[in-house]
Structures are given as C-alpha cells and as structure tokens.
Amino acid sequence: MAIGSGLGAQVGIAAEVSYGTFLAPTKFIEFTKESLALKKTTAQSAGIAAGRLLPLSSRRVVTQREASGSLEMEVTNKGMGVLLQTLMGTTVTPVQQGAGPAYLQTHTLADIAGKSLVIQKGVPLTTGVVTDKTFVGCKITSAEFSCGVGEMLTASFEIDAKDCDEAQTMATASYPAMSPFNFSQMAVKTGTFGTETARDGIRKASVKIERGMAVDRFYAGQAGLKKEPISNDQVKITGSIEMDYVDTTLDDLHTSDGATSLVLEFVGPLIAATFFETFRIILPAVKFDDAPPVVEGFDVVKPTLSFTALYDGTNQPKIEYISTDITL
C-alpha cells in the first residue's frame, strides 16, 4: 500500500511506437505538480415527450474524448531524454564522450511527427490504494525552463493527449539516484554563435518553447478519438532575463534590434575526464523585444529583458544534455 496522499503518487512515461497505443512505462519522473485530466464532450437528446420535465439519463452520449494538462518538475541530471526528444523532435541516440560513462544527447529542433508518450499517473486514495490514470497519445505542446537566484532549474510541460485509459496495470515505480540542476550551476552567455561569453549580473532566466499543433483532428470512424496532432504553425521560442544593470550590452542590442546567440547553461559535477553533467539550451539568434532600464527608487536598477528566438539561416535551436544515461 502507498501513502494515502500526494506522497504516494507516481508518474511513469514511455515513448510510444504508434500514436495512442499503450506501452508500459519504463521511466519514472520525480514531479512537483501535475494537472493531467480527461476531457469529454457530451450531447443530450432534446426530444420532446408529453409530460417529461427532465432529459432522459439514457439519452446522454459521449461524442468525443481527449485529455490535457501540465507536468511540472525539477530538471535533473538523469532521465530527461525522453521528454526532451518529444519536445524537440529529433530522434536522439546518446553519444559516449571519450571512453568514460558520460553520454551527450543533442536535441535539435525538428518536426515532432511520430513523437508521443504514454504518461501513467498513480493517484492514491486515502486508503493507500493507487488508482491508475494512463494517458496515451501525449504530445508536448509547450515547455518552459526557468531558474532564478536560490532556485532549482524547473521545467513545465503542457501536454495534449488522445485519451485516458484507466484499465491498465499500474507499473511499479523505481528511481535512479539523481540530483537537480540549480542556480549555482547557471550561466547565461551571449555573443557570436559558438563563441558566446558569460554575462554578468544575471539574476533569473527563462526560455519557453511552444509547438503550434492541430489538436482537433476528430474524424468519423475514429470512435470519438483524435488522430495524431500535426504541426500547423511555426515554433515560437521566447524568454526573459532578469538582471542588475551592470552594463549596457543587452540594452544596446534592444536599441539596435541586433541579433545575438544566447546560451542558458547549467554545468554540474564531473562525470569523467573533462565531461560534466550539463543541461544547455542554445538559441543561435535572439532579438530583444523589451529592455527598459527604469529607475524606480533607491535600489539597484533591475531591468527584465524579454526576447524572441529566430532562425539565423544556418543553425537550429537545440538542447544539449550530458548525463550517464546510456539510452533515453
């Protein structure tokens, strides 16, 4: 029996081979919050019958089923690969670095056709019995990564799903030893792509990746369930940087509307040789939309700079992840 509260909850995931087809979870996520839930569309018969004051219960039907919600967590030094692949779209095989146990995953922005998940959550009753809510056909529609002074690096994934299946067997959760990335490991770098240098004065940074998808593909012959969502808009990547006004470098880029490569990087402990645990978001071209250094009193001036990532014509945005994970 589990603990009869959120302490006994679990979330397991698996990459689907076929959209909406169940596979038993193989990885388990240490999450902080989730809101995945079934959404059903119903229709009620409106037939008039003499003297009937209420609609008949037997004449209500479910015409569509789908699910959606969010999954929030700390970004850890292991186990993130499947989620990153589903978000970014490139099929990734970890590449060994040197001859040791460090493996690099390079998640380059690509179309996400064929990239979906099974997400199984266990929700405990107060008795300690864990109820099964298995979401199939899960597509990540957006993700936001954020870290500030004194904080962990966190991720929030927005998810669209084909259906919720409550008839599966709850997988037994197991967790590898892992630790979260945090502010003490963070650097924000700007400059020419490939030779970016660290900025001073950064207090917080966030990056949001949004995937425009047609999530309403309900057709006849599908039993009220959707077909796999497909991309129907360009990817939108935005973010913000909170900083003390230590120099005008980023402010000048706002004024000129010049582009810079931006890297949000977290480097953890040494794995082996010269390879460290790493989580790195690389945006080859960003432009600053808003950077108002305004004086609001006696305190240090603290502008918040919002930006939009664009294509530089050569290099795609990517997420690099170095861990000891041999597979996703």
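Student: What percentage of the 328 residues in the chain is buried?
Tutor: This is a predicted model, in which local features need pLDDT of at least 70 and side-chain atom pairs count only at pLDDT 80 or more, while totals for chains, interfaces and linings use all residues. Residues are numbered from 1 along each chain as its sequence is written, and side-chain values use heavy atoms, with hydrogens and water left out. Taking buried as under 20% relative accessible area, with a 1.4 Å probe and protein chains only as cover, the share of the 328 residues is 45%.

Student: Which strand gives the most residues to the largest nonpolar core?
Tutor: A nonpolar core is a set of buried Ala, Val, Leu, Ile, Met, Phe, Trp, Tyr and Cys residues joined through side-chain atoms within 4.5 Å. The largest one has 57 residues, and Leu83, Phe145 and Ile241 are among those with the most contacts inside it. Strands here are DSSP runs of E, at least two residues long, numbered from the N terminus. With 6 residues, covering positions within 130-148, the one that gives the most to this core is strand β9.

Student: How many residues does the other core have, apart from the largest?
Tutor: Ala102, Leu104, Ile271 and Ile322 are among the members of this other core, which lies apart from the largest. Its size in residues is 5.

Student: What share of the contacts with a separation of 6 or more joins residues 24 or more positions apart?
Tutor: Contact means heavy atoms within 4.5 Å. Among contacts in the chain with a separation of 6 or more, residues 24 or more positions apart account for 70%.

Student: How far apart do the centres of the positive and negative side chains lie?
Tutor: Lys and Arg count as positive and Asp and Glu as negative, without His and the chain ends, and each charge is placed at NZ, CZ, CG or CD for Lys, Arg, Asp or Glu. For the 28 positive and 36 negative side chains, the centres of the two sets are separated by 10 Å.

Definitions and conventions. Buried < 20%, exposed > 50% of the residue type's maximum accessible area, 1.4 Å probe, protein only. Helix = DSSP H or I, 4+ residues; strand = E, 2+ residues; numbered from the N terminus.
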